[in-house]
Amino acid sequence: MNYCNYCVYPEIAVNLNFDENNKCSSCRTFEKFKQLPKQFWDKRKKKFEEIISEVKSKNSSYYDCIIPVSGGKDSYFQAHIICKEYGLKPLLMTYHGNNFLPEGDINRDKMREVFDADHIVWGPSVNVLKKLNRLGFEKMGDMNWQNHCGIFTAPIQIAVRFKIPLIIWGEISWDISGMFDPDDFVEFSARVRHEHGLRGFEWNDFIGNKNNNEENYLNENDLLWAKYPSDIDIIKNNIRGIYIGNFFRWDPNAHAKLMQEKYDWRESQKPFQRTYRTFSNLDDKYENGIHDFLKFMKFGYGRASDHASKDIRDGYITRDKGIEYVKKYDHIISDDLYEWLDYVSKDEDYFWNVAESFRDPRVWSIVDGHWVKDNLWGGSSSYGKVKMNKSQIEIFEKKRKKI
């Protein structure tokens with residue numbers, strides 16, 4: 001695999017492209033943002049204030065906007081800007097996927113107090129969530145599909161039902177590949193939700209098959225929360241989703257520090273096994289753990305690579321330190337694997353039989369019964385024994401031959 005010479009991302013990461021200096025498109029785009037003068041952000045702030053003024057003038061007796069929140073550092077930053085700096089009355093909206101860490105529960109529930117805001121917490125039944133954990137894992141190697149779907153669907157449903165036209169999102173979190181320049185001024189869309197958030201799947205891909213799989217059977221009523229509103233309803237209610245990251249420079253480390261100082265926001269008290277950060281992804285206990293290990297299995301990099309690449313660009317760590325973190329964390333099989341298996345009533349053989357089938361042949365090869373891939377720090381290493389059955393191995397090798 002080819003790795004960026006400036007961050008720690010492999011070329012396979014979210015459709016990156018590399019220039020003649022072996023610098024990835026994400027690093028190049030970040031540099032453009034970093035070089036923006038103060039005047040640029042002053043203009044963006046003024047644009048934001050124009051949008052806010054328009055909302056206030058039209059909505060004097062109702063909620064000014066919706067803020068989708070998890071209770072994380074970025075949610076607090078969004079609410080801080082809207083409530084404290086601009087004095088708006090938002091409706092906070094949380095999708096509850098049933099897997100919050102203890103600190104995540106505390107941070108989320110404290111938001112309506114510290115921001116004097118009404119708060120809707122909406123979650124599917126636990127039985128449905130367990131089925132979707134299994135189905136998402138089996139269909140795409142992602143037990144958290146239900147989280148992606150809920151986060152990008154429930155707030156839009158609420159916006160339509162309450163007739164609240166403005167939704168305030170945080171960063172443009174799916175722009176890892178550097179596909180957008182500062183002047184693109186992207187907004188939330190159904191296409192972004194479907195292609196980036198939901199991986200190309202929809203709620204109706206998970207219903208039916210009762211005769212084939214009683215354990216995971218779901219009907220349409222089980223997934224009412226997952227249905228995206230119609231174009232007619234969205235247009236009729238003038239629903240618009242904007243990103244605060246378009247108006248204010250985005251810095252997760254700075255956000256975490258500021259929110260800790262102002263609101264006693266809590267990071268994880270227990271270190272994660274697969275990354276060095278303790279202030280990210282507190283709304284899902286598997287996000288930094290076994291969910292992320294699946295990304296490593298599929299694409300050969302993990303959460304430590306994500307965090308290190310961002311922190312290198314922001315100047316918090318050196319690339320050498322980032323490589324050290326990747327070498328230490330990216331390959332670890334986290335203990336929450338067993339917690340998740342207990343949650344979905346499955347055994348370890350089930351996990352490996354499904355998970356191994358998602359290895360990307362652009363990254364992995366089989367040598368002497370072991371999985372092998374190229375490393376960021378040079379050379380190749382084996383990462384666990386091959387656990388696929390004979391037919392799965394044959395399919396994998398055929399894919400490799402086609403590359």
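**Close-up views of a predicted model**

**View 1. Strand β4 sits beside strand β5.** In this predicted model, β4 and β5 run parallel and are joined by 4 bridges. β4 takes in residues 166-169, and β5 takes in residues 240-243. For a landmark in the pairing, look for I168, which stands opposite I242 in β5. Neither face of β4 is left uncovered: L166 and I168 are buried on one side, and I167 and W169 are buried on the other.

**View 2. Helix α2 has a buried face and an exposed one.** This helix covers residues 38-58, 21 residues in all, and spans 31 Å from its first C-alpha to its last, close to the 30 Å expected. Its buried residues are F40, W41, R44, F48, I51, I52 and V55. Looking down the axis of α2, you'd find these buried residues within an arc of 110°, so they line one face of the helix. That fits the usual helix geometry: with 3.6 residues a turn, residues three or four places apart point the same way. Turn to the face away from the buried side and you meet the exposed residues K38, Q39, K43, K46 and S57. What do the buried residues of α2 pack against? Their partners are α1 (25-34), α3 (73-85), β4 and β5, so the strand pair of View 1 turns up again here.

**View 3. K346 and E215 reach across the sequence.** The model holds 25 salt bridges, and this view picks out one of them, between the side chains of K346 and E215, at 3.1 Å from N to O. K346 lies in the loop between α14 (336-343) and α15 (348-355), while E215 lies in the loop between α8 (190-197) and α9 (231-236), so the pair ties together parts that are 131 residues apart in sequence. Are these two residues buried or partly exposed? K346 is partly exposed, at 25% relative accessible area, and E215 is also partly exposed, at 34%.

**View 4. Two salt bridges have both partners buried.** Start with R193 and E202, whose closest N and O atoms are 2.8 Å apart. R193 is buried, and so is E202. Then move on to E356 and R359, which also form a salt bridge, with 2.8 Å between the closest N and O atoms. Here too, both residues are buried. As a general reminder, side chains of opposite charge can pair when their charged atoms come close.

**View 5. A salt-bridge network meets helix α11.** R274, E287, D292, K295, R303 and D306 are linked in a network of salt bridges. Two of these names, D292 and K295, also appear among the buried residues of α11. That helix covers residues 290-299 and is mostly covered, with 9 of its 10 residues buried. The full buried set is I290, H291, D292, F293, L294, K295, F296, M297 and K298. Just after α11 comes G300, with a positive phi near 80°.

**View 6. H96 sits in a loop with plenty around it.** You'll find H96 in the loop between β2 (90-95) and α4 (102-114). Its side chain reaches the backbone nitrogen of N98 at 3.0 Å. Setting aside neighbours within four places in sequence, H96 is in contact with D105, R108, V121, W122, G123, P124 and L129.

**View 7. N107 is a buried residue of helix α4.** N107 is found in α4, and at 0% relative accessibility it counts as buried. Which residues does N107 touch, not counting those up to four places away in sequence? They are G71, Y76, W265, R266 and L282.

**View 8. F185 and R199 have positive phi values.** Most residues other than glycine have a negative phi, which makes this pair worth a look. F185 is not a glycine, yet its phi is positive, about 50°. F185 lies in the loop between β4 and α8. R199, also a residue other than glycine, has a positive phi near 60°. R199 is found in the loop between α8 and α9, and at 41% relative accessibility it counts as partly exposed.

Terms used: Residues numbered from 1 in each chain as written. Predicted model: local features only at pLDDT ≥ 70, side-chain atom pairs only at ≥ 80, totals over all residues. Heavy atoms only, no water. Buried < 20%, exposed > 50% of the residue type's maximum accessible area, 1.4 Å probe, protein only. Helix = DSSP H or I, 4+ residues; strand = E, 2+ residues; numbered from the N terminus. Pairing = 2+ DSSP bridges. Expected span 1.5 Å × (residues − 1). Arc of directions from axis to C-beta. Contact = heavy atoms within 4.5 Å. Salt bridge = Lys/Arg side-chain N within 4 Å of Asp/Glu carboxyl O. Polar contact = N/O pair within 3.5 Å; in protein donor to acceptor, adjacent residues only side chain to side chain.
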